[in-house]
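This report describes the surroundings of a bound ligand and then the protein as a whole. The sequence and the structure are shown first.

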Amino acid sequence: MRYSALTVLTQALKGHTGWMPAWRKASPAPAYDVIIIGGGGTGLATAYYLAKNFAVGRVAVLEKSWVGSGNIGRNTTIVRSNYLLPENVAFYELSLKLWEGLERDLNYNAMVSQRGVFNIYHSDAQRDAYARRGNAMRLHGVDAALLDREQLRREIPFLDYETARFPVLGALVQRRGGTVRHDAVAWGYARAADRLGVDIIENCEVTGFMFENGAVCGVETTRGTMKAGKVALCVAGASSVLAAKAGLRLPIETHVMQAFVTEGLKPLIDNVITFGAGHFYISQSDKGGLVFGGDIDGYNSYAQRGNLPVVEDVCEGGMALMPMIGRLRLLRSWGGVMDMSMDGSPIIDATPVGRLFLNAGWCYGGFKAVPGAGFCCAHLLATGAPHEAAAGYRLGRFAEGRVIDEKGVGAQPNLH
Ligand SMILES: Cc1cc2nc3c(=O)[nH]c(=O)nc-3n(C[C@H](O)[C@H](O)[C@H](O)COP(=O)(O)OP(=O)(O)OC[C@H]3O[C@@H](n4cnc5c(N)ncnc54)[C@H](O)[C@@H]3O)c2cc1C
């Protein structure tokens, strides 16, 4: 069923009785050419681009819970490509370009909103660092502009320009950045992949791997065993646990990260704003709630819930930037389990275990990466070679000391 204004109108006249399920409830087949573990954004996008761009035969996505139950449905929806290091700018720009054409490509309203991402700076040194990042972006053909205090005040008048503990001096802005409705992305990719013949199998947890001559040849699941030509791990916070079942130790730690939503307000914040003197970022959803977040909780956890000290820390960051939000009531908060890599950058690569591939290490920036991660992982699975935009995201870089440390903070997940 194609979605269009005409379909909506026709269904409205029919009392909405004719809508079809967005994707089939597929049952496991005994064998697939490619099995993708994890029905989050990266897994579904990988399946979609595999089916769309490469004729690889039968593809299945195995999801232990339901599509959208993981980080893809838990994030703060920010997309951008405002990176400094060449490996990251190229990859995230590819991803942003894919976002720009996504809704048409998937025939799905993912509410892509390029409302602009403003990184606020609070000191001369930080301004210089942001100018350098903006220049690096522009050299790669990515849009960036540096605003001074008065230019910023004209665009975002409600920040605390007068008494802030960390003075608001200006911002680096990427106007093509913005937000996308997170769970719609999962549903859109699931529907589009299903239409291309991908089996999306929910409530199917992978519990182990089958091997043949040292290479993976299938998976064991709660719904039986399945043979596979290739297997890709796209399981975010469960990456190291699952990789360990195949005998791999990954340079990834799992940490919890929280997000928060306030009661609904009239339109107030029409862009994405990040605080440069702490970790706080905010936007407003179409329902009116202010959606915001901060740092990871800072300890290893597999629980999709967070702790109170971080709630306090994030709210302090918000108050330091825009004291007006202090009068709002927090409506909801939740946590997601993040696959924090040791240099803060992702891994899209083959592993030392034959026929086992890895799409992980997305830290808390993997939502904006979803189209790019799927596109490049599909390329790797189909051709055996990394896509040029993800050529730096090799697993071996940690052993070789060629890390992609965007923030220059070393192997410290809580600082990435
Ligand atoms: C609070 C929060 C805010 C965030 N904000 C942003 C943001 O603003 N911008 C941004 O770019 N990124 C953000 N992120 C990060 C982003 O959401 C993640 O990096 C990205 O979603 C991870 O990829 P994914 O969608 O595939 O993960 P997930 O949706 O978590 O998918 C992994 C899936 O694997 C499944 N799985 C796990 N183990 C198994 C198994 N054994 N068998 C089968 N299935 C299994 C899980 O159930 C899950 O559905 C945020 C994350 C959180 C938690």
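Around the ligand lie 39 residues, of which Gly 38, Gly 40, Gly 70, Gly 336 and Gly 366 come nearest. Helix 2 (41-53), strand 12 (252-264) and strand 16 (330-341) are the elements that each give two or more residues to this shell. The model in which these positions are described is a predicted one.

Two domains take part in the shell: domain 1 (23-77 + 182-250 + 343-415) and domain 2 (115-177 + 254-341) each supply at least three residues. By chemical character, the shell around the ligand divides as follows.

| Class of shell residue | Number of residues |
|---|---|
| Nonpolar | 16 residues |
| Polar | 18 residues |
| Charged | five residues |

The protein contains ten helices and 18 strands. Helix 1 (residues 5-13) lies largely in the open, because the number buried among its nine residues is zero. Gly 15, just after helix 1, adopts a positive phi of about 70°.

As to overall dimensions, the C-alpha trace spans about 65 × 65 × 40 Å along its principal axes. The radius of gyration of the protein is 21 Å, which agrees with the value near 22 Å for a compact globule of 416 residues. Buried residues make up 49% of the 416 residues. Among contacts with a separation of 6 or more, 75% are between residues 24 or more positions apart.

Conventions: Residues numbered from 1 in each chain as written. Predicted model: local features only at pLDDT ≥ 70, side-chain atom pairs only at ≥ 80, totals over all residues. Near = placed C-beta within 6 Å. Helix = DSSP H or I, 4+ residues; strand = E, 2+ residues; numbered from the N terminus. Nonpolar A, V, L, I, M, F, W, Y, C, P; charged D, E, K, R; others polar. Domains from an automatic or database assignment. Buried ≥ 20, exposed ≤ 12 C-beta atoms within 10 Å, placed from the backbone. Rg over C-alpha atoms; globule rule 2.2 N^0.38 Å. Contact = placed C-beta atoms within 7 Å.
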